[in-house]
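I opened this entry to keep track of what I looked up, strand by strand and then ring by ring.

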Amino acid sequence: MTCRITIRISNSFPSIKKSSLPCFLLALSVGKQSRSRFAPLTWMASVLTDISKTVLGIGLTVGFIASTSCGRIRYPDYYTLNVPAPPSAHRIPRTIAGCLAVREFHSPVFLREGPIVYRSSAEQLAFYHYHRWAEDPRQAVTGLMMQDLEASGLFQSVDFYNDGRGSPVLVLTGTLEHLEELDHAGSVSVQVTISARLVTAKTGEVIWQDTASKTGSPEQRTMAAIVAEMSRQMGSAVESLVSSLGDRFSAASAAGQ
């Protein structure tokens, strides 16, 4: 008996895509050799089941690879400058100047973008991808300067500059110029450089200005030790600036007597 089967693809079979047509035709051609009219459908169902199992296996494999890869993602470590409080022994016996307002210190852009900076030469800067500052170093040096100035007893009061509000007699500004790890000839050190300027609030006349630059070597070649050394050298630089400012006022006070 000869069996002729005609296949017509129309809009009544929207689920059959052109890419699936070869498999569909193969299923029907095999079914022609069987006396059962359900054989093509049974064979096609088996093929589709195998395809589904293959797709599922691929999906599970991809998911496993993605999950294991995510386990190797490295997240940044964050560090803060931890400078000890200034010793009270440096406090002068009496106040010399009036009210002081301290502006937030400036810094180069590369020091306030987050990553900790290191130099392999005087001309070349680089950044750690996974070692970052937890806070803007400008805030750290500003707070430390205010703390040391208040502890010195030089001024009647020390406050943060508030857009000109209040009645400060003097205004202190400054710049954190360097806060970097230095890598040279296999050795590691740190450099901290801070400059500051004191002006009158009314006229802007410069009363005092100075720069303190400190370097030191960390106890270990770890980022925690490097940051600890940066903290020590920043404290030393700020202490030098406050001492210089105290000498300026002491000299002026002595001259006026």
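Entry 1, strand pairing. I looked up T175 first and found that T175 stands opposite S195 in β7. The model is a predicted one, so I read the pairing as a feature of the prediction. T175 falls within strand β6, residues 170–184, which is joined to β7 by 14 bridges, the two strands running antiparallel. I then followed S195 to the other neighbour and noted T211 as the bridge partner of S195 in β8. Strand β8 covers residues 206–216 and runs antiparallel to β7, with 10 bridges joining the two.

Entry 2, the two hairpins. How many residues lie between the strands in the hairpin of β6 and β7? I counted 2 residues there, with A185 taking a positive phi near 50°. A185 is not a glycine, yet the phi is positive. I placed A185 in the loop between β6 and β7. Is A185 buried or exposed? A185 has a relative accessible area of 76%, and is therefore exposed. The hairpin of β7 and β8 has 5 residues between its strands. In that turn I noted G204, with a positive phi of about 80°.

Entry 3, burial of β7. Why is β7 described as largely enclosed by the rest of the structure? I found that 12 of the 14 residues of β7, which spans residues 187–200, are buried, so the strand is largely enclosed.

Entry 4, the core. I looked up the largest nonpolar core, which has 43 residues. L149, F155, I194 and M234 touch the most other members. The elements that give two or more residues to this core are β2 (97–102), β3 (115–121), α3 (137–152), β5 (155–160), β6, β7, β8 and α4 (223–256). Which element gives the most to this core? It is α4, with 11 residues. I then listed what M234 touches, leaving out residues up to four places away in sequence: L81, V141, L144, L176, L179, V192 and I194.

Entry 5, helix α3. I checked the length of α3 against the expected value. At 1.5 Å a residue, the 16 residues of α3 should span 22 Å, and the end C-alpha atoms are 23 Å apart, which agrees. I also went through α3 for burial and noted buried residues, among them V141, L144 and L149. P137, R138, D148 and S152 are also on the list of buried residues in α3. Just after α3, G153 takes a positive phi of about 80°.

Entry 6, aromatic pairs. I found 2 aromatic pairs by the rule used. For Y118 and Y128, the ring centres are 4.7 Å apart and the planes stand at 45°, so I entered the pair as tilted. This pair links distant parts of the chain, with Y118 in strand β3 and Y128 in strand β4 (residues 124–133), 10 residues apart. Y118 has a relative accessible area of 22% and is partly exposed. Y128 is partly exposed too, at 21%. Are F155 and F249 stacked or edge-to-face? Their centres lie 5.6 Å apart and their planes are at 85°, so this pair is edge-to-face. It also links distant parts of the chain: F155 is in strand β5 and F249 in helix α4, 94 residues apart. I noted both F155 and F249 as buried.

Entry 7, R248. I placed R248 in helix α4. At 33% relative accessibility, R248 counts as partly exposed. What does R248 touch, not counting residues up to four places away in sequence? I found I207 and W208. R248 and W208 are 40 residues apart along the chain, and their C-alpha atoms are separated by 7.2 Å.

Entry 8, confidence. I left this check for the end. The mean pLDDT of the protein is 80, and 67% of its residues reach 70 or more. Over residues 5–18 the pLDDT is below 50, and that stretch has 7 contacts in the model beyond near neighbours in sequence. Residues 24–28 also have pLDDT below 50, with 10 such contacts. Where pLDDT is low, the predicted coordinates should not be read in detail.

Technical notes. Residues are numbered from 1 along each chain as its sequence is written. This is a predicted model: local features need pLDDT of at least 70, side-chain atom pairs count only at pLDDT 80 or more; totals for chains, interfaces and linings use all residues. Side-chain values use heavy atoms; hydrogens and water are left out. Buried means under 20% relative accessible area, exposed over 50%, partly exposed in between (1.4 Å probe, protein chains only). Helices (H or I, at least four residues) and strands (E, at least two) are DSSP runs, numbered from the N terminus. Two strands pair if DSSP finds at least two bridges between them. pLDDT is the predictor's confidence in each residue, from 0 to 100. Contact means heavy atoms within 4.5 Å. A nonpolar core is a set of buried Ala, Val, Leu, Ile, Met, Phe, Trp, Tyr and Cys residues joined through side-chain atoms within 4.5 Å. The expected span of a helix is 1.5 Å times one less than its number of residues. Rings of Phe, Tyr and Trp (its six-membered ring) pair if their centres lie within 6.5 Å; planes under 30 degrees apart count as stacked, over 60 as edge-to-face and the rest as tilted.
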